[in-house]
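Please open the model in your viewer and keep the sequence panel visible. The tour below proceeds by selection, with a description of what is found at each stop.

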Amino acid sequence: MSSARPRIRRSAPSGRRARLALTGPAALLAAALTACAGDPSGSAEVGGDAKAPDTSVSVNLKGTAAAPGGPVKVMLAHGKLRTVSVTAGKDGALTGKISADGRTWTSDRVAAPGTAYTVEARDADGGSDRAAFATAEAEKVNKLSLAPGKNTTVGIAQPLSVVFDHPVKDKAAVEKALKVSTSNDTEGSWGWLQDYSGKDRVDWRPEEYWKPGTKVTLDAQLNGVDTGADGGWFVRDYSTTFTIGAAQVVKVDLDRSRLALHRDGKQVLDIPMSAGTPGGEKASWRGTAVLMSKEGTINMRSETVGLGDAYDKMVDYSMRLTWSGMYVHAAPWNAGYFGQANRSSGCVGMSDADAAALYGQVRVGDPFEMTGAQAKGTVAEGNGYGAWNLSWEDWAAKSALR
């Protein structure tokens, strides 16, 4: 900001003229109140000026490549600030608070990289001016994907799930920026884990399944958060909102080769099925999995799950339970084993009619509780949504803020 720019003046109650000047990119320039009326006390010389208190203001961030990631501070040398605004065009404004002594305003959030800010301030005497600065561009940008999708209705076991494009070293800083709110004050916890893809991931789940009808909102205030040297900066915020649907639980009894759908505590379907062949890699998982997606008719090939050339089929009514490839689906070729024995390659198969009935009633986010000895292990928390297989204490311990 050039010192030769026009000055903004206003009349002070004492008859003096006052100006509060903010610096430009380098610093906010000092300004002084000057008297232009005679002093009746005779303390000033006739025709002289009496200097007013120094009301200069400075901003901690300067120039066109200021360091992002810290709060913006506007400081008044003397007197008291009345209002301060820091705006960033279409990116909105930074809110903040004035200190108890009125001398400093500090933003609630940090300055984001690659952003031009305008500062406007007014002191208690009405002097005002404006200035601008810009932050340096991020050398590396981190992004994320959110589940569930915005404005969806999901089952009672669906967690909030955030997967990051790049590694997150400062997990505490990221977790602090993830604000979860619910319509009924549901308590829950974030837990950090490694996604099946190998990427960093953080999920939020309640202590118990969600109550039907709960509305959930995630406000990820990440713009300006540095995730670490290998991860880079976030340069935007994210949000999603979803609603919890009916209380549905699918119970899969591996030892009895039967599946049952319960809604609001009542059984509505009882289906004979055949799960994975026990005793090896073709066995099914046990534990609680969460329905990730309803994919309809898809091509399933054994080599994609490490089982050689055992099968290559078009499969109807496919419902994904894990990233590792465990599905519930129609399997008419296995009809002789339904309700009798587990002879699949890891999935839970049933007749076309039963698969159609189940497919039509379950929704993404419904829990599938799989029990029995004929399993190869428990669903891991990163293999789909396996967080429910940890105790509440063990899950909460995965938070970076505990």
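**First stop: an aromatic pair**

Select Trp210 and Phe242: Trp210 is buried, and Phe242 is buried as well. Please bear in mind that this is a predicted model. A search of the whole structure finds eight aromatic pairs, and Trp210 with Phe242 is an edge-to-face pair, with 6.3 Å from centre to centre and 90 degrees between the planes. This pair links distant parts of the chain, its members being 32 residues apart. Trp210 belongs to the loop between strand 18 (200-206) and strand 19 (215-220), whereas Phe242 belongs to strand 20 (residues 238-244).

**Second stop: an aromatic cluster and two charges over rings**

Now select Phe164, Trp192, Phe234 and Tyr238, which form one aromatic cluster. Add Lys171 to the selection: this residue lies over the face of Trp192, 5.5 Å from the ring centre. For another arrangement of this kind, display Lys294 together with Tyr359. The charged end of Lys294 sits over the ring of Tyr359, at 4.8 Å from its centre.

**Third stop: the chain as a whole**

Clear the selection and colour by secondary structure. The protein chain comes to three helices and 30 strands. Of its 402 residues, 45% count as buried. Among contacts between residues at least 6 apart in sequence, 63% join residues at least 24 apart.

**Fourth stop: an open sheet**

Which order do the strands of the open six-stranded sheet follow? The order is 23-22-21-29-24-30, and the pairing is mixed. Strand 23 (266-272) and strand 30 (375-378) stand at the edges with a single partner strand each, so one side of each has no neighbour in the sheet. From one strand to the next, the twist averages 25 degrees.

Proceed along the sheet from strand 21 (248-253). Strand 21 pairs with strand 22 in the antiparallel sense over six bridges, and the two form a hairpin with four residues between them. Select Ser257 in that turn to find a positive phi of about 55 degrees. Asp253 stands opposite Arg258 of strand 22.

Strand 22 (residues 258-263) is in turn joined to strand 23 by six bridges, and these strands also run antiparallel. Their hairpin has two residues between the strands, and Asp264 in the turn has a positive phi of about 50 degrees. To follow the register, select Arg263, whose bridge partner in strand 23 is Lys266. Then return to Arg258, which stands opposite Pro272 in strand 23.

Next, add residues 352-361, which make up helix 2. Helix 2 lies across strand 21, strand 22 and strand 23, and runs at about 145 degrees to strand 23.

**Fifth stop: Ser293**

Select Ser293, which is found in strand 25 (residues 293-301). A polar contact of 2.6 Å joins its side chain to that of Glu295. Leaving out residues up to four places away in sequence, Ser293 touches Ser318, Met319, Arg320 and Val364. Thr322 is 29 residues from Ser293 along the chain, and the C-alpha atoms of the two are separated by 9.6 Å.

**Sixth stop: Thr135**

Move to the loop between strand 12 (128-134) and strand 13 (144-147), where Thr135 lies. Is Thr135 buried or exposed? Thr135 has a relative accessible area of 4%, and therefore counts as buried, the cut-off being under 20%. Its side chain reaches the backbone oxygen of Ala112 at 2.5 Å. With residues up to four places away in sequence left out, the residues that Thr135 touches include Thr64, Ala65, Ala66 and Pro68. Also among them are Ala111, Ala112, Pro113, Gly114, Thr115 and Tyr117.

**Last stop: Leu178**

Finally, select Leu178 in strand 16 (residues 178-182). Leu178 counts as buried at 6% relative accessibility. Apart from neighbours within four places in sequence, Leu178 is in contact with Trp190, Val202, Leu218, Asp219, Ala220 and Leu222. To end the tour, display Asp237 as well: Leu178 and Asp237 are 59 residues apart in sequence and 9.8 Å apart in space, C-alpha to C-alpha.

Technical notes: Residues are numbered from 1 along each chain as its sequence is written. This is a predicted model: local features need pLDDT of at least 70, side-chain atom pairs count only at pLDDT 80 or more; totals for chains, interfaces and linings use all residues. Side-chain values use heavy atoms; hydrogens and water are left out. Two strands pair if DSSP finds at least two bridges between them. Axes are lines fitted to C-alpha atoms, for helices over the stretch in contact, and angles run from 0 to 180 degrees between N-to-C directions. Contact means heavy atoms within 4.5 Å. Rings of Phe, Tyr and Trp (its six-membered ring) pair if their centres lie within 6.5 Å; planes under 30 degrees apart count as stacked, over 60 as edge-to-face and the rest as tilted. Buried means under 20% relative accessible area, exposed over 50%, partly exposed in between (1.4 Å probe, protein chains only). A charge sits over a ring if NZ of Lys or CZ of Arg is within 6 Å of the ring centre and within 35 degrees of the ring normal. A polar contact is a pair of N or O atoms within 3.5 Å; within protein, one must be able to donate a hydrogen and the other to accept it, and residues adjacent in sequence count only if both atoms are side-chain atoms.
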